[in-house]
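Here is a friendly tour of how some helices pack, where empty space is left, and a few backbone details. Have the viewer ready as you read.

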Amino acid sequence: MSIQELPVQEPSVQQRWAREAGRSGEGPHADARDADGFSVWPRSARPEPHGDVSVGGVSLTEAADRFGTPVYVLDEKEVRERCRAYRTAFPDADIVYAAKAFLCRAMVHWVQEEGLGLDVCSAGELALAVTTGFPPEKIVLHGNAKSPEDLGTALRLGVGRIVVDSTSEIARLAAITPAGSRQPVMVRVVPGIVAGGHAKVRTGTDDQKFGLSVADGSAQYAVTRILDQPHLELVGLHCHIGSQVTTAKPYVAAVRRMVGLMARIHGQHGIALPQLNIGGGHAIAYRPGEEHLNISVLAGRVRAELEDGCARAGLPVPRLTLEPGRAIVGPAGVAVYRVLAVKRTGAHTFVAVDGGMSDNPRPALYGVRYAPRLTGRPSCAPPRLVTVVGRHCEAGDILADEVALPGDVRPGDLLAVPAAGAYHLSMASGYNLVGRPPVVAVSDGIARVLVRRESLDDMSRRDVGL
């Protein structure tokens, strides 16, 4: 079944954001698809006969049968539409996709074709992007501990901006920049703002590893050091306050503090920095009813604060950069598993699947909660609270704790987990040598492999023997 044949047309991502902008934009909202659990699924997701679900016009049951399980299913149109929605919400800004959320050659092409830049954190991500044809001048290099290879590759390939994260990096970068050239750099600033969905993803405060503090003067010192380097060109400031941020308020506060720092830099050095990067971290909902960041609201409030702050400080308005990753690819992905065992132990029911923390470590790392759904067959059995667990030798290998599934769930069933496009494959490991799952793109009823399943042969070839 193709998307064009489906009778119901959901509003686009941008239409949904615009509709929600009429509300407060700062808390949970009702979604028409919450009732059937599809509000956190790709927009193309549809219930099909016999209890199946389709995404992008492709049956998840057929995808599981054809490509095996576990399998990541990625809706190409959802990714592209979310790229366009950001460009519409921020027409005068640079939108650079955070590659750490998910990267492959096809994703590089989609991002480039939709007019976005790219944010990378290593020589590996950078090389994959450039060898795929992505223009290096539209790439931003991040990292709190960039290796000599990272910096050397960035200079050799000609990345557009390098975000300096420590004073030691300034001298190291200046020493290897070719004579006669100037590398554009930004300073990553810690604005002293607490934001983010979990303590381990809050990066705007002085008690974590990223950036240079305003409070202790480190950021100002780094600015002075860079301005003394003839081969480095300071083009702006950068901050990233955290991940899974649900409201615009902390971003507005960050902009206010960054403009204040820009004003002090102008007063001390007589320069007006032309760029301001406020990072990403925009929250998505993993379960129906959860909060997510309203991008239309964010755009309006950030733009107003930036313009007003610069007017008060007598500064020209810098060009804004944002780095969304999860908010672009996360809601476009669905992970499909097959049930291997159902075990009832006392008051607990455990549903074990053929994946786990090797393909999704986030529940173990951050306590993230998902909303798995039985797919592939109908069930009239009353729901029962179960814990969906993985196949690995860890008690913490839990994919979804205390979730409602039909009481007759059994081995051989398929479970589909939405909002699985970000930080799944990119954080996957080789634990127990089970192999990382494939990524399958779906669109208009067609499925194609983007990243093939990791085989035992792939893993064995790295082992050089005795």
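Helix α6 (residues 148–157) and helix α7 (residues 167–176) have axes that come within 10 Å and cross at roughly 45 degrees, and the two are therefore oblique to each other. This is a predicted model, in which local features need pLDDT of at least 70 and side-chain atom pairs count only at pLDDT 80 or more, while totals for chains, interfaces and linings use all residues. Residues are numbered from 1 along each chain as its sequence is written, and side-chain values use heavy atoms, with hydrogens and water left out.

A few terms first. Helices (H or I, at least four residues) and strands (E, at least two) are DSSP runs, numbered from the N terminus. Axes are lines fitted to C-alpha atoms, for helices over the stretch in contact, and angles run from 0 to 180 degrees between N-to-C directions. Angles under 35 degrees count as roughly parallel, over 145 as roughly antiparallel, 65 to 115 as roughly perpendicular and the rest as oblique.

Back to α6 and α7: their crossing is right-handed (the near helix is turned clockwise from the far one by less than a right angle). On the α6 side the contact (heavy atoms within 4.5 Å) is made by Leu 151, Gly 152 and Leu 155, and on the α7 side by Glu 169, Arg 172, Leu 173 and Ile 176.

Helix α7 also packs against helix α8 (residues 218–227), at an angle of about 10 degrees and with the axes 10 Å apart. That makes α7 roughly parallel to α8. Here α7 contributes Thr 167, Ile 170 and Ala 171, while α8 contributes Tyr 221, Ala 222, Arg 225 and Ile 226.

Further along, the axes of helix α9 (residues 249–269) and helix α10 (residues 295–313) come within 9 Å and cross at roughly 25 degrees. That makes α9 roughly parallel to α10. The crossing of α9 and α10 is right-handed. Among the residues making the contact are Val 252, Val 255 and Val 259 of α9, and Leu 298, Val 302 and Leu 306 of α10.

The table gives the make-up of the three contacts by class. Ala, Val, Leu, Ile, Met, Phe, Trp, Tyr, Cys and Pro count as nonpolar, Asp, Glu, Lys and Arg as charged, and the others, Gly among them, as polar.

| Contact | Nonpolar | Polar | Charged |
|---|---|---|---|
| α6 with α7 | 4 residues | 1 residue | 2 residues |
| α7 with α8 | 5 residues | 1 residue | 1 residue |
| α9 with α10 | 10 residues | 1 residue | 3 residues |

Now for the empty space. On a 1 Å grid over the protein atoms alone, a cavity is a set of points where a 1.4 Å probe fits but cannot get out, and a pocket is an open set with protein on both sides within 12 Å along at least five of seven lines; lining residues have an atom within 4 Å of a point. Grid points are joined across faces, edges and corners, and a volume is the space filled by probe spheres set on the points.

How many cavities of 30 Å³ or more does a search of the whole structure find? The search finds 3. The second largest cavity holds about 70 Å³ of space. Its lining includes Tyr 72, Val 73, Leu 74, Phe 102, His 424 and Val 439, and the largest share, 3 residues, comes from strand β4 (residues 71–75). By class, this lining has 7 nonpolar, 3 polar and no charged residues.

The second largest pocket has a volume of about 510 Å³. Of the 26 residues that line this pocket, Pro 372, Arg 373, Leu 374, Ala 404 and Pro 406 lie nearest its centre. Strands β16 (373–375) and β18 (398–406) each supply at least two lining residues, and β18 gives the largest share, 5 residues. The pocket lining divides into 16 nonpolar, 3 polar and 7 charged residues.

Strand β18 also holds Glu 402, a residue with a positive phi of about 55 degrees although it is not a glycine. Another backbone detail is the cis peptide bond from Thr 69 to Pro 70, with omega near -5 degrees. Pro 70 sits in the loop between α2 (60–67) and β4.
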